Amino acid sequence: MTAPPDAPRSLVAEVVAWCSGVAYVALMYVVMLNTREPTGMRLLPVALSAVLLLPLVPRRPVPALMLLAGVSFAATVHAQSVLAAGQHIMAGMPPARSQAWQIASLQAVLTDLTVGWIAATRSRPVTVVSALPALGAQIAGAAYYRDDDAAFLSASVFLTLLMVTAWTVGGSVGERRRHSADLRMRATEQAVVAERLRIARELHDMVAHSIGVIAIQAGVGRRVITTQPSEARNALAAIEDTSRDTLAGLRRMLGALRHVAPGDGAPLAPAPALADLERMAERTGDAGVRVDVEWRGERRALPPEIELSAYRIVQEAVTNVVRHSGAGACRVTIDCQEDQLSLEITDDGRGLSGLPVTAGYGLTGMRERAALLNGDLAAGPRPGGGFGVTARLPLPVAAP
């Protein structure tokens, strides 16, 4: 099994993240050893060294939190010991332990920010399992800079409230993010369902038309079968061709469509086809966007479901050009080959950038139409600017 193309890049990012975590621990060790009084502005290098953890926190937030908790506890103990040693030298100083709270508070803020990140990006059990040891390390460190029980209790309550606040805010952000993702997923599913229902109605028109033709030709053949055998043969040939085309369309589409609920009104107008693109181009030109239609290959009659889907794909792509691209013209190329129908719609506008999620529903519908016919569709910005849509629809092999 071959590795995915982005595997080396991901491995390098992982190594860099872990190296940054190790570098953070080493730098903190050096800074704390070379700081005689880790208070006030002397804590600035300690705060800046936390930048080294930025590559590790997004990729491995739990190990990053454990590093922070361990380093925070060690830094608090070291600061207490340094300040306590200085108390014997300088007379009249406040109790040394009362000054170690500064580095402990700084490390607590960094730790709680990491807890908030974990709460926003990970599940609740993972957050609880990782936050409790970190809080325990903070409370254990508080014993080194609070002398009496009342001061220790107040510090413990403050640290607990600070972590609970970070946890709550992070959890709220994560919940809102998950809710937004669910809404986008549901909106996409609804767009797919709506598109399939529209296809089902159009398929209904095609089947109804075909059955009507078959019924008429069968009636004609029954009446003239004894008096005009040639006319009867023509009627039977028409029935054969119509039923074969209809069955081919049903096999390609019907199995993938949802059932249409009774009471949904189906449009009564004839289904559009590729021959109607010229008229659509004229209407689009009246809207201010020139549509140049180019035909390649042999123009011939195609199965109704392919004609309809191709028309709808071009129609939706041109509609996106009019609504979103800001271009004054676009080009539609239809290449009718022996085994497939290729469509290409290009423009020189600004594309679909900066639009809300709902702007992609038309692209979802176009992909759904192509997939139902065993084809494919690609859409995206063009290298030279603008936006492009390309679709490939397989054509049935003609009978010999």
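What is the accessible surface of the chain, and what share of it belongs to carbon and sulfur atoms? In this predicted model, the accessible surface of the chain comes to about 22600 Å², and carbon and sulfur atoms account for 62% of that area. The chain has 400 residues, of which 38% are buried, and its secondary structure consists of 11 helices and 5 strands. Among the contacts in the chain with a separation of 6 or more, 74% are made by residues 24 or more positions apart.

The strands form an open sheet of 5 strands, in which the order is β1-β2-β3-β5-β4 and the pairing is mixed. The edges of this sheet are occupied by β1, which spans residues 290–297, and by β4, which spans residues 376–381, each of them pairing on one side only. From one strand to the next, the twist averages 10 degrees. In general, the strands of a sheet pair through backbone hydrogen bonds, and such pairing may be either parallel or antiparallel.

Both senses of pairing can be followed across the sheet. The edge strand β1 pairs with β2, residues 329–336, in the parallel sense and over 8 bridges; within this pair, Trp295 stands opposite Ile334 of β2. Trp295 is also involved in a contact of another kind, in that the charged end of Arg299 sits over the ring of Trp295, at 3.7 Å from the ring centre. By contrast with this placement of a charge over a ring, the count of aromatic pairs in the model comes to 0.

Antiparallel pairing is found between β3 and β5, which are joined over 8 bridges, and the bridge partner of Ser342 is Arg392 in β5. Strand β5 also runs antiparallel to β4, to which it is joined by 6 bridges, and here Gly380 stands opposite Gly388 of β5. The strands β4 and β5 form a hairpin with 5 residues between them, and in the turn of this hairpin Gly385 has a positive phi of about 110 degrees.

Helix α10, residues 304–325, lies across β1, β2, β3, β4 and β5, where β3 comprises residues 340–347 and β5 comprises residues 387–394. The helix runs at about 10 degrees to β3. Ser309 has its place in helix α10, and it is classed as buried because its relative accessible area is 3%, which falls under the 20% cut-off for burial. When residues up to four places away in sequence are not counted, Ser309 touches Arg369 and Leu373.

A second buried position lies in helix α7, residues 149–224, where Gly170 is found. Gly170 counts as buried because its relative accessibility is 6%, a value likewise under the 20% limit. With residues up to four places away in sequence left out, Gly170 touches Gly116, Ala119 and Ala120. Of these contacts, the one with Gly116 joins residues that are 54 positions apart in sequence, although their C-alpha atoms are 4.2 Å apart in space.

Definitions and conventions. Residues numbered from 1 in each chain as written. Predicted model: local features only at pLDDT ≥ 70, side-chain atom pairs only at ≥ 80, totals over all residues. Heavy atoms only, no water. Phe/Tyr/Trp six-rings, centres within 6.5 Å; stacked < 30°, edge-to-face > 60°. Lys NZ or Arg CZ within 6 Å of the ring centre and 35° of its normal. Helix = DSSP H or I, 4+ residues; strand = E, 2+ residues; numbered from the N terminus. Buried < 20%, exposed > 50% of the residue type's maximum accessible area, 1.4 Å probe, protein only. Contact = heavy atoms within 4.5 Å. Areas by Shrake-Rupley, 256 points an atom, 1.4 Å probe, with all protein chains shown as cover. Pairing = 2+ DSSP bridges. Axes fitted to C-alpha atoms, helices over the stretch in contact; angles between N-to-C directions.
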